[in-house]
Amino acid sequence: PGVRREARVDRVIGELDAGTRLARVLVAVEDPLAQNSTDAAAPRLMIGAFVEVSIEGREVSNVVRLDRAYLRKEDTVWVHEDGVLRVRPVEVAFRDAQYVYLEAGLEAGEEVVITDLSTFVDGAALRIRSRDGEPLEESSQ
């Protein structure tokens, strides 16, 4: 307790565990057996040891956060644009369990189509409805 070692994330192993929602991460520690350490209290780490880890990430800026359910096949998003459906390619900067963070292809304030459509065509006419099902606007298309 109270002793620490510095490491770097080498890679994520596999996917999130379905039960715990935790990821397995491989970290690399320079001199894991502390053979070259001048600190007598430096703990020795054995292969496969479980340790408590704090990982500092970097801030993601200039992105649009979108629910993962609205990211479509081949990293596209459906957008309502001037009364029609547009299929827009996007660039994903990061994905977490609930959201995707888009760095290009979608601007803040644009209207994303959240209804699942079994068949769709880029340029198809759209009607916007309120949450209670009443039409908000009619497309002239």
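Which residue in β7 is the bridge partner of valine 64? In this predicted model, the partner is leucine 102. The pair belongs to a wider match between two strands: β3, covering residues 64-67, is joined to β7, covering residues 99-104, by four bridges, and the two strands run antiparallel. As general background, the strands of a sheet pair through backbone hydrogen bonds, and the pairing can be parallel or antiparallel.

Strand β7 has another partner as well. Strand β6, made of residues 91-95, pairs with β7 over four bridges, again in the antiparallel sense. Three residues lie between β6 and β7, and the two strands form a hairpin. Glutamate 91 is a handy place to look at this hairpin, as this residue has its place in strand β6. Across in β7, the bridge partner of glutamate 91 is alanine 104. Once neighbours within four places in sequence are left aside, glutamate 91 is in contact with Tyr101, Leu102, Glu103 and Ala104. Along the chain, glutamate 91 and tyrosine 101 are ten residues apart, and their C-alpha atoms are separated by 8.6 Å. Is glutamate 91 buried, exposed or partly exposed? Its relative accessibility is 47%, so glutamate 91 counts as partly exposed.

The aromatic rings come next. A search of the whole structure finds two aromatic pairs. In one of them, phenylalanine 94 and tyrosine 101 are tilted, with 5.9 Å from centre to centre and 45° between the planes. Phe94 and Tyr101 also belong to one aromatic cluster together with Tyr99. The two members of the tilted pair fall into separate accessibility classes: phenylalanine 94 is partly exposed, with a relative accessible area of 42%, whereas tyrosine 101 has a relative accessible area of 17% and is buried, because buried means under 20%.

Charged side chains meet rings at two places described here. Arginine 65 lies over the face of tyrosine 99, at 3.9 Å from the ring centre. Elsewhere, the charged end of arginine 72 sits over the ring of tryptophan 78, 3.8 Å from its centre.

A further group of strands completes the picture. Three strands form an open sheet in the order β5-β4-β8, with antiparallel pairing. The edge strands are β5 (84-89) and β8 (111-112), each of which pairs on one side only. Strand β4, residues 76-81, and β5 pair over six bridges in the antiparallel sense. Within this sheet, valine 79 stands opposite arginine 86 in β5.

How values were computed:
Residues are numbered from 1 along each chain as its sequence is written. This is a predicted model: local features need pLDDT of at least 70, side-chain atom pairs count only at pLDDT 80 or more; totals for chains, interfaces and linings use all residues. Side-chain values use heavy atoms; hydrogens and water are left out. Two strands pair if DSSP finds at least two bridges between them. Buried means under 20% relative accessible area, exposed over 50%, partly exposed in between (1.4 Å probe, protein chains only). Contact means heavy atoms within 4.5 Å. Rings of Phe, Tyr and Trp (its six-membered ring) pair if their centres lie within 6.5 Å; planes under 30 degrees apart count as stacked, over 60 as edge-to-face and the rest as tilted. A charge sits over a ring if NZ of Lys or CZ of Arg is within 6 Å of the ring centre and within 35 degrees of the ring normal.
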